[in-house]
Amino acid sequence: MKRLGILLSGRGSNFEAIADRVADGYLEASIAVVISNRPEARGLALARERGIPAVSIPAKGLDREVYDRFLLHELHQNGVDLVCLAGYMRLLSAGFVREFANRILNIHPSLLPAFPGLDAQHQALEYGVKISGCTVHFVDEYLDAGPVLLQAAVPVYDDDTVETLSGRILKEEHRIYSEAIRIVLRGQYRIEGRRVMLK
Ligand code: GRF
């Protein structure tokens, strides 16, 4: 059985959605460890409540390469096969990405390549798009880049606020992240350049 490592920085709702799908057997995997750069992250507390090992590694004063070596150590200690970023607010170093090449996923609350970076839902409203959504992609060392695995679209309504739009997108995030993880766990894909072909 494959072992997932979850990296997060905050609320942890995507982690919860994944943990639910592990618990109900949709994902044939276990969550080996949840790691946060923020000790106060709600996601860590949620993991502990579920009896999942939860580790905080504060980044203060460490440069990225050094920090990522701590991360790698913890992930290897726990025998992690696939790393899932779930609201993890740090860029990964090239060294980290090389070590887990094509074995790191991220979820982003926009239809990439539109609106990478922070506050994607706010960016979408400001821009005035009529459709937004979310993207699960493989992670490289660049921000919200890397081959796209799955996307889901949602409408943007005239009376949307950041909160209402975020809520509509989040529902789709919770659905497609587990779908994408399942595809990767089962090897039902191949990567050709930037394109991920699903089998
Ligand atoms: C989600 O919107 C995710 O797409 C983005 O950060 C947010 C994390 O939310 N990367 P949560 O911590 O999973 O609730």
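## Terms and model

Helices and strands are DSSP runs, numbered from the N terminus, with at least four residues required for a helix and at least two for a strand. The structure described here is a predicted model.

## Location and surroundings of the ligand

The ligand occupies the largest pocket. Its shell consists of Arg11, Gly12, Ser13, Asn14, Gly87, Ile107, His108, Pro109 and Glu173. Sorted by class, these shell residues comprise two nonpolar, five polar and two charged residues.

Two secondary-structure elements, helix H1 (13-23) and strand S5 (104-108), each contribute at least two residues to the shell. Both domains take part in the surroundings of the ligand: domain 1 (1-101) and domain 2 (107-199) each provide at least three residues of the shell.

## Polar contacts and burial

Two side chains approach oxygen atoms of the ligand. In Ser13, an N or O atom of the side chain lies 2.6 Å from a ligand oxygen atom. In Glu173, a side-chain N or O atom is placed 2.7 Å from an oxygen atom of the ligand. Both distances fall under the polar-contact definition, because a pair of N or O atoms counts when within 3.5 Å.

The backbone also participates: a nitrogen atom of the ligand is 3.0 Å from a backbone N or O atom of Ile107. Taken alone, the ligand exposes 360 Å², and the protein buries 86% of that area.

## The loop between S5 and H5

Strand S5 (104-108), one of the elements that supply shell residues, is followed by a loop with two backbone features. Pro113 is located in this loop, between S5 and helix H5 (120-127). The peptide bond that joins Leu112 to Pro113 is cis, and its omega is near 10°.

Phe115 belongs to the loop between S5 and H5 as well. Its phi is near 55°, a positive value in a residue other than glycine.

Key:
Residues are numbered from 1 along each chain as its sequence is written. This is a predicted model: local features need pLDDT of at least 70, side-chain atom pairs count only at pLDDT 80 or more; totals for chains, interfaces and linings use all residues. Side-chain values use heavy atoms; hydrogens and water are left out. A residue is near a molecule or strand if one of its heavy atoms lies within 4 Å of it. A polar contact is a pair of N or O atoms within 3.5 Å; within protein, one must be able to donate a hydrogen and the other to accept it, and residues adjacent in sequence count only if both atoms are side-chain atoms. Accessible areas come from the Shrake-Rupley method with a 1.4 Å probe; for residues, only the protein chains shown count as cover. On a 1 Å grid over the protein atoms alone, a cavity is a set of points where a 1.4 Å probe fits but cannot get out, and a pocket is an open set with protein on both sides within 12 Å along at least five of seven lines; lining residues have an atom within 4 Å of a point. A molecule sits in a cavity or pocket if more than half of its atoms lie within 2 Å of its grid points. Ala, Val, Leu, Ile, Met, Phe, Trp, Tyr, Cys and Pro count as nonpolar, Asp, Glu, Lys and Arg as charged, and the others, Gly among them, as polar. Domain bounds come from an automatic or database domain assignment.
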